[in-house]
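Trainee: Got a minute to go through this structure with me? I'd like to talk helix packing.

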Amino acid sequence: MSLSVFLELRFWLLVGFSLVLPVGIYALLLVTRSISRWAVLGFGVALVLIAGVDVYLLQSMAAQAKSTPSLADDAWFSSELTIALYLLPVVFGGIGVNLISHVLLRHLTEAEGRFDREHSDR
């Protein structure tokens, strides 16, 4: 048993999945001058998956924090402050869903336009 959750691999995975990966994805999306529809869809799915991993890691760390002697763990993962930690996955998941819906809506709009052009002579 560890003395603190902050010394566990799960904590560093949480930092990576909560900060490093999403910031990298956002930076890549911002600096890219042109991007394919499939890449946008992939980034959206990645953000939704990152949000799911974040929630899992937060849940497991909250359970583990209860069993450690450190009070700092309890303050971060077993108190009202935990709600603030859940805001990051909510934001990532929301942006990911928006990216996915953007790609789907663009595809449907183009498909409707093709259908209208193909059936306009009838």
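Trainee: Is Y26 buried, exposed or partly exposed?
Mentor: Partly exposed. Its relative accessibility is 22%. Keep in mind that this is a predicted model.

Trainee: And F92, buried or exposed?
Mentor: F92 is buried. The relative accessible area there is 5%, and the cut-off for buried is under 20%.

Trainee: How many aromatic pairs are there?
Mentor: The count comes to one aromatic pair. The rings belong to Y26 and F92, and their centres are 6.3 Å apart.

Trainee: What class does the pair of Y26 and F92 fall in?
Mentor: Tilted, because the ring planes sit at 50 degrees. Stacked would need under 30 degrees, edge-to-face over 60.

Trainee: Which parts does that pair tie together?
Mentor: Helix α1 and helix α5. Y26 lies in α1 and F92 in α5, so the link joins parts 66 residues apart in sequence.

Trainee: OK, zoom out. At what angle do α1 and α5 pack?
Mentor: About 30 degrees, with the axes 11 Å apart. Here α1 covers residues 9–31 and α5 covers residues 87–118. That angle makes α1 roughly parallel to α5. The crossing is left-handed.

Trainee: Which residues make the contact?
Mentor: From α1, F17, S18, L19, P22, Y26 and L29. From α5, L88, F92, I95 and L99. So both partners of the aromatic pair are in the list.

Trainee: How does that contact divide into nonpolar, polar and charged?
Mentor: Nine nonpolar, one polar and no charged.

Trainee: Switching helices. How does α2 pack on α5?
Mentor: At an angle of about 155 degrees, with the axes 8 Å apart. Helix α2 spans residues 37–65. The angle is over 145, so α2 is roughly antiparallel to α5. This crossing is left-handed too.

Trainee: What is the make-up of the α2 contact with α5, by class?
Mentor: It has 17 nonpolar, four polar and three charged residues.

Trainee: Give me one residue on α2. Where is V48, and what does V48 touch?
Mentor: V48 is found in helix α2. Leaving aside neighbours within four places in sequence, V48 is in contact with G93, G96, V97 and I100.

Trainee: Is V48 buried, exposed or partly exposed?
Mentor: V48 counts as partly exposed, at 32% relative accessibility.

Trainee: Last one. What separates V48 from W38?
Mentor: Their C-alpha atoms are separated by 15 Å. Along the chain they are 10 residues apart.

How values were computed:
Residues are numbered from 1 along each chain as its sequence is written. This is a predicted model: local features need pLDDT of at least 70, side-chain atom pairs count only at pLDDT 80 or more; totals for chains, interfaces and linings use all residues. Side-chain values use heavy atoms; hydrogens and water are left out. Axes are lines fitted to C-alpha atoms, for helices over the stretch in contact, and angles run from 0 to 180 degrees between N-to-C directions. Helices (H or I, at least four residues) and strands (E, at least two) are DSSP runs, numbered from the N terminus. Angles under 35 degrees count as roughly parallel, over 145 as roughly antiparallel, 65 to 115 as roughly perpendicular and the rest as oblique. A crossing is left-handed if the near helix is turned anticlockwise from the far one by less than a right angle, and right-handed if clockwise. Contact means heavy atoms within 4.5 Å. Ala, Val, Leu, Ile, Met, Phe, Trp, Tyr, Cys and Pro count as nonpolar, Asp, Glu, Lys and Arg as charged, and the others, Gly among them, as polar. Rings of Phe, Tyr and Trp (its six-membered ring) pair if their centres lie within 6.5 Å; planes under 30 degrees apart count as stacked, over 60 as edge-to-face and the rest as tilted. Buried means under 20% relative accessible area, exposed over 50%, partly exposed in between (1.4 Å probe, protein chains only).
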